[in-house]
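Trainee: I've got a fresh model open and I'd like to get a feel for how it holds together. Walk me through it, please, and let me ask things as we go.

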Amino acid sequence: SGIARFGRRCRDRRILRRRRCGFDRAQGCVCSLEQSIDRGGIALDRLRRDGITVLSTERAARQEIRELHVGLLNMMPDAALEATERQFYRLVGESNPIAQFYMHPFTLPTLPRGAAAQAHIAQVYESFDAIREKGLDALIITGANVSHPNLADEPFWQPLIEVIDWAWDHVTSTLCSCLATHAVMQFRYGQTRVKQPHKIWGVFE
(Lines give C-alpha, C1' and ligand atoms only; values in the text may rest on other atoms or scores of the structure.)
Protein backbone atom coordinates (compact mmCIF):
# COMPACT_ATOMS: atom_id res chain seq x y z
CA SER A 1 0.00 0.00 0.00
CA GLY A 2 1.03 3.64 -0.21
CA ILE A 3 0.08 7.16 -1.17
CA ALA A 4 1.13 8.87 -4.38
CA ARG A 5 0.29 12.14 -6.06
CA PHE A 6 0.42 13.24 -9.67
CA GLY A 7 -0.82 16.38 -11.37
CA ARG A 8 -0.82 18.52 -14.44
CA ARG A 9 -0.59 22.29 -14.73
CA CYS A 10 -3.65 23.51 -16.60
CA ARG A 11 -2.49 24.78 -19.99
CA ASP A 12 -5.36 27.19 -20.37
CA ARG A 13 -6.62 29.00 -17.28
CA ARG A 14 -9.89 29.64 -19.11
CA ILE A 15 -10.44 25.87 -19.11
CA LEU A 16 -9.93 25.73 -15.34
CA ARG A 17 -12.40 28.56 -14.77
CA ARG A 18 -14.95 26.98 -17.09
CA ARG A 19 -14.65 23.63 -15.34
CA ARG A 20 -15.11 25.23 -11.96
CA CYS A 21 -18.16 27.21 -13.04
CA GLY A 22 -19.74 24.22 -14.75
CA PHE A 23 -21.18 22.73 -11.57
CA ASP A 24 -24.49 23.70 -10.04
CA ARG A 25 -23.77 25.67 -6.85
CA ALA A 26 -26.74 23.98 -5.19
CA GLN A 27 -24.76 20.75 -5.02
CA GLY A 28 -23.25 21.73 -1.68
CA CYS A 29 -19.83 22.48 -0.29
CA VAL A 30 -17.34 21.26 2.26
CA CYS A 31 -15.56 23.85 4.39
CA SER A 32 -13.23 23.31 7.32
CA LEU A 33 -15.93 23.67 9.97
CA GLU A 34 -19.01 24.07 7.83
CA GLN A 35 -19.71 21.13 5.57
CA SER A 36 -22.36 20.03 3.12
CA ILE A 37 -22.23 17.16 0.64
CA ASP A 38 -24.51 16.83 -2.35
CA ARG A 39 -27.34 14.36 -1.67
CA GLY A 40 -25.24 12.75 1.05
CA GLY A 41 -27.84 12.82 3.80
CA ILE A 42 -26.44 9.75 5.55
CA ALA A 43 -22.90 11.09 5.52
CA LEU A 44 -24.08 14.50 6.69
CA ASP A 45 -26.02 13.06 9.61
CA ARG A 46 -22.95 11.12 10.73
CA LEU A 47 -20.75 14.22 10.42
CA ARG A 48 -23.25 16.16 12.54
CA ARG A 49 -23.17 13.46 15.20
CA ASP A 50 -19.38 13.68 15.18
CA GLY A 51 -19.62 17.37 16.07
CA ILE A 52 -18.95 18.85 12.63
CA THR A 53 -21.06 21.84 11.66
CA VAL A 54 -22.96 21.33 8.40
CA LEU A 55 -23.42 24.31 6.11
CA SER A 56 -26.63 24.49 4.07
CA THR A 57 -26.27 24.74 0.30
CA GLU A 58 -28.29 27.97 0.34
CA ARG A 59 -25.84 29.60 2.74
CA ALA A 60 -22.89 28.28 0.76
CA ALA A 61 -24.27 29.81 -2.44
CA ARG A 62 -24.38 33.26 -0.80
CA GLN A 63 -20.75 33.19 0.29
CA GLU A 64 -18.10 34.84 -1.85
CA ILE A 65 -15.47 32.16 -1.30
CA ARG A 66 -13.38 30.35 -3.87
CA GLU A 67 -14.86 26.97 -4.67
CA LEU A 68 -12.88 23.86 -5.54
CA HIS A 69 -14.41 20.67 -6.91
CA VAL A 70 -12.86 17.48 -5.57
CA GLY A 71 -13.75 14.04 -6.91
CA LEU A 72 -13.64 10.96 -4.69
CA LEU A 73 -13.34 7.68 -6.58
CA ASN A 74 -14.34 5.30 -3.80
CA MET A 75 -13.39 1.71 -4.64
CA MET A 76 -13.49 0.39 -1.10
CA PRO A 77 -15.61 -2.69 -0.32
CA ASP A 78 -19.13 -2.32 1.02
CA ALA A 79 -18.16 -2.56 4.69
CA ALA A 80 -15.81 0.41 4.39
CA LEU A 81 -17.64 2.41 1.70
CA GLU A 82 -19.33 5.04 3.87
CA ALA A 83 -16.54 5.20 6.46
CA THR A 84 -14.10 6.01 3.65
CA GLU A 85 -16.38 8.82 2.47
CA ARG A 86 -16.46 10.36 5.92
CA GLN A 87 -12.71 10.01 6.36
CA PHE A 88 -11.89 11.91 3.19
CA TYR A 89 -14.68 14.45 3.64
CA ARG A 90 -13.15 15.36 7.00
CA LEU A 91 -9.60 15.52 5.63
CA VAL A 92 -10.62 17.72 2.72
CA GLY A 93 -12.91 19.92 4.80
CA GLU A 94 -10.25 20.61 7.41
CA SER A 95 -7.45 21.30 4.93
CA ASN A 96 -8.28 24.92 4.08
CA PRO A 97 -10.55 27.34 5.98
CA ILE A 98 -10.86 29.85 3.11
CA ALA A 99 -12.19 27.64 0.31
CA GLN A 100 -15.44 25.85 -0.39
CA PHE A 101 -14.81 22.22 -1.29
CA TYR A 102 -17.53 20.62 -3.36
CA MET A 103 -17.23 16.84 -3.04
CA HIS A 104 -18.19 14.59 -5.94
CA PRO A 105 -18.15 10.90 -4.94
CA PHE A 106 -18.26 8.20 -7.61
CA THR A 107 -17.28 4.57 -8.03
CA LEU A 108 -16.69 1.95 -10.72
CA PRO A 109 -19.65 -0.12 -11.96
CA THR A 110 -17.53 -3.27 -12.29
CA LEU A 111 -16.92 -3.47 -8.54
CA PRO A 112 -19.17 -6.08 -6.87
CA ARG A 113 -21.72 -4.48 -4.53
CA GLY A 114 -24.46 -5.68 -2.23
CA ALA A 115 -27.98 -4.29 -2.27
CA ALA A 116 -27.43 -1.79 0.56
CA ALA A 117 -24.26 -0.37 -0.99
CA GLN A 118 -25.92 -0.16 -4.40
CA ALA A 119 -28.79 1.81 -2.89
CA HIS A 120 -26.38 4.17 -1.16
CA ILE A 121 -24.42 4.71 -4.38
CA ALA A 122 -27.62 5.37 -6.32
CA GLN A 123 -28.67 7.97 -3.75
CA VAL A 124 -25.39 9.76 -3.14
CA TYR A 125 -22.90 9.10 -5.93
CA GLU A 126 -22.45 10.71 -9.33
CA SER A 127 -21.46 9.05 -12.59
CA PHE A 128 -17.95 9.35 -13.99
CA ASP A 129 -19.42 10.55 -17.29
CA ALA A 130 -21.08 13.51 -15.57
CA ILE A 131 -17.91 14.33 -13.63
CA ARG A 132 -15.74 14.06 -16.73
CA GLU A 133 -18.05 16.39 -18.64
CA LYS A 134 -17.83 19.17 -16.06
CA GLY A 135 -14.31 18.61 -14.77
CA LEU A 136 -12.56 18.61 -11.40
CA ASP A 137 -9.92 20.67 -9.65
CA ALA A 138 -8.61 17.64 -7.74
CA LEU A 139 -9.23 13.92 -7.50
CA ILE A 140 -8.79 11.34 -4.73
CA ILE A 141 -8.63 7.64 -5.63
CA THR A 142 -8.99 5.12 -2.82
CA GLY A 143 -7.75 1.58 -2.53
CA ALA A 144 -9.74 -1.58 -3.32
CA ASN A 145 -9.82 -5.27 -2.52
CA VAL A 146 -7.99 -7.45 -5.03
CA SER A 147 -8.14 -11.16 -5.85
CA HIS A 148 -5.43 -11.49 -8.53
CA PRO A 149 -1.64 -11.10 -8.29
CA ASN A 150 -1.67 -8.96 -11.44
CA LEU A 151 -3.83 -5.84 -11.14
CA ALA A 152 -4.52 -5.93 -14.88
CA ASP A 153 -6.59 -9.08 -14.28
CA GLU A 154 -8.96 -7.34 -11.89
CA PRO A 155 -12.46 -6.59 -13.27
CA PHE A 156 -12.11 -2.94 -12.29
CA TRP A 157 -8.77 -2.46 -14.08
CA GLN A 158 -9.99 -0.98 -17.39
CA PRO A 159 -12.53 1.45 -15.83
CA LEU A 160 -9.88 2.54 -13.31
CA ILE A 161 -7.32 3.10 -16.06
CA GLU A 162 -9.87 5.20 -17.92
CA VAL A 163 -10.22 7.47 -14.87
CA ILE A 164 -6.46 7.69 -14.31
CA ASP A 165 -5.83 8.43 -17.98
CA TRP A 166 -8.41 11.21 -17.99
CA ALA A 167 -7.14 12.70 -14.72
CA TRP A 168 -3.55 12.68 -15.99
CA ASP A 169 -4.40 15.28 -18.62
CA HIS A 170 -7.39 17.09 -17.15
CA VAL A 171 -7.10 17.28 -13.35
CA THR A 172 -4.64 19.64 -11.67
CA SER A 173 -3.86 17.33 -8.75
CA THR A 174 -4.63 13.64 -8.08
CA LEU A 175 -4.01 11.81 -4.80
CA CYS A 176 -3.82 8.02 -4.96
CA SER A 177 -4.27 5.99 -1.78
CA CYS A 178 -3.14 2.43 -1.15
CA LEU A 179 -3.90 0.15 -4.12
CA ALA A 180 -4.49 3.12 -6.44
CA THR A 181 -0.78 3.92 -6.08
CA HIS A 182 0.13 0.46 -7.40
CA ALA A 183 -2.30 0.90 -10.28
CA VAL A 184 -0.70 4.18 -11.36
CA MET A 185 2.80 2.74 -11.08
CA GLN A 186 1.85 -0.27 -13.19
CA PHE A 187 -0.18 1.63 -15.79
CA ARG A 188 2.07 4.67 -16.19
CA TYR A 189 5.52 3.28 -15.44
CA GLY A 190 5.25 -0.48 -16.02
CA GLN A 191 6.24 -1.25 -12.41
CA THR A 192 4.19 -4.15 -11.08
CA ARG A 193 3.75 -5.03 -7.43
CA VAL A 194 6.32 -7.28 -5.81
CA LYS A 195 5.24 -9.21 -2.73
CA GLN A 196 7.56 -8.57 0.21
CA PRO A 197 8.14 -10.87 3.20
CA HIS A 198 7.52 -7.96 5.57
CA LYS A 199 5.56 -4.73 5.43
CA ILE A 200 7.60 -1.79 4.13
CA TRP A 201 6.61 1.73 5.04
CA GLY A 202 8.10 5.21 4.86
CA VAL A 203 8.32 8.29 2.64
CA PHE A 204 9.97 7.70 -0.72
CA GLU A 205 10.85 9.98 -3.61
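**Rings, cores and strands**

Mentor: Ring pairs link Phe106, Phe128 and Trp166 into a cluster. Bear in mind that this is a predicted model, so local features need pLDDT of at least 70 and side-chain atom pairs count only at pLDDT 80 or more, while totals for chains, interfaces and linings use all residues. Residues are numbered from 1 along each chain as its sequence is written, and side-chain values use heavy atoms, with hydrogens and water left out.

Trainee: How many aromatic pairs does the structure hold?

Mentor: Rings of Phe, Tyr and Trp (its six-membered ring) pair if their centres lie within 6.5 Å; planes under 30 degrees apart are stacked, over 60 edge-to-face, and the rest tilted. By that rule, the count of aromatic pairs in the structure is two.

Trainee: What is the geometry of the Phe106 and Phe128 pair?

Mentor: The centres of Phe106 and Phe128 are 5.7 Å apart, with 15° between the planes. Phe106 belongs to strand 5 (residues 99-106) and Phe128 to helix 6, so this pair ties together parts that are 22 residues apart in sequence. Helices (H or I, at least four residues) and strands (E, at least two) are DSSP runs, numbered from the N terminus. As for the geometry, the Phe106 and Phe128 pair is stacked.

Trainee: And what kind of pair do Phe128 and Trp166 form?

Mentor: Phe128 lies in helix 6 and Trp166 in helix 7, so here the parts tied together are 38 residues apart in sequence. The centre to centre distance for Phe128 and Trp166 is 5.6 Å, and at 80° between the planes the pair is edge-to-face.

Trainee: Is Phe106 buried or exposed?

Mentor: Buried means under 20% relative accessible area, exposed over 50%, and partly exposed in between (1.4 Å probe, protein chains only). Phe128, its stacking partner, has 11% relative accessibility and counts as buried. Phe106 comes in at 0%, so it counts as buried.

Trainee: What about strand 5 as a whole: how many of its residues are buried?

Mentor: On one side sit Ala99, Phe101, Met103 and Pro105, on the other Gln100, Tyr102, His104 and Phe106, and both of these faces are covered. So the strand is mostly covered, and the buried count out of its eight residues is eight.

Trainee: Which residue of strand 5 is the bridge partner of Glu67?

Mentor: Two strands pair if DSSP finds at least two bridges between them. Strand 4 (residues 66-73) and strand 5 run parallel and are joined by eight bridges. For Glu67, the partner in strand 5 is Gln100.

Trainee: Which element gives the largest share of the largest nonpolar core?

Mentor: A nonpolar core is a set of buried Ala, Val, Leu, Ile, Met, Phe, Trp, Tyr and Cys residues joined through side-chain atoms within 4.5 Å. This one has 26 residues, and Leu73, Met75, Leu108, Leu139, Ile141 and Leu160 touch the most other members. Helix 6 (128-134), strand 6 (138-141), helix 7 and helix 8 (179-189) are the elements giving two or more residues. The largest share, seven residues, comes from helix 7.

Trainee: Which residue of helix 8 does Leu160 touch?

Mentor: Contact means heavy atoms within 4.5 Å. Leaving out residues up to four places away in sequence, Leu160 touches Leu73, Met75, Leu108 and Ile141, plus Ala183. Helix 8 covers 179-189, so the name you want is Ala183.

Trainee: How far apart are the end C-alpha atoms of helix 7?

Mentor: Helix 7 (residues 157-170) has 14 residues, and at 1.5 Å a residue it should span 20 Å. The expected span is 1.5 Å times one less than the number of residues. The end C-alpha atoms agree with that, at 20 Å.

Trainee: What does the charged end of Arg188 sit over?

Mentor: A charge sits over a ring if NZ of Lys or CZ of Arg is within 6 Å of the ring centre and within 35 degrees of the ring normal. Here the distance to the ring centre is 4.2 Å, and the ring belongs to Trp168.

Trainee: Last one: is Pro149 buried or exposed?

Mentor: Pro149 is in the loop between strand 6 and helix 7. Its C-alpha is 9.2 Å from that of Val194, 45 residues away in sequence. With 77% relative accessibility, Pro149 counts as exposed.
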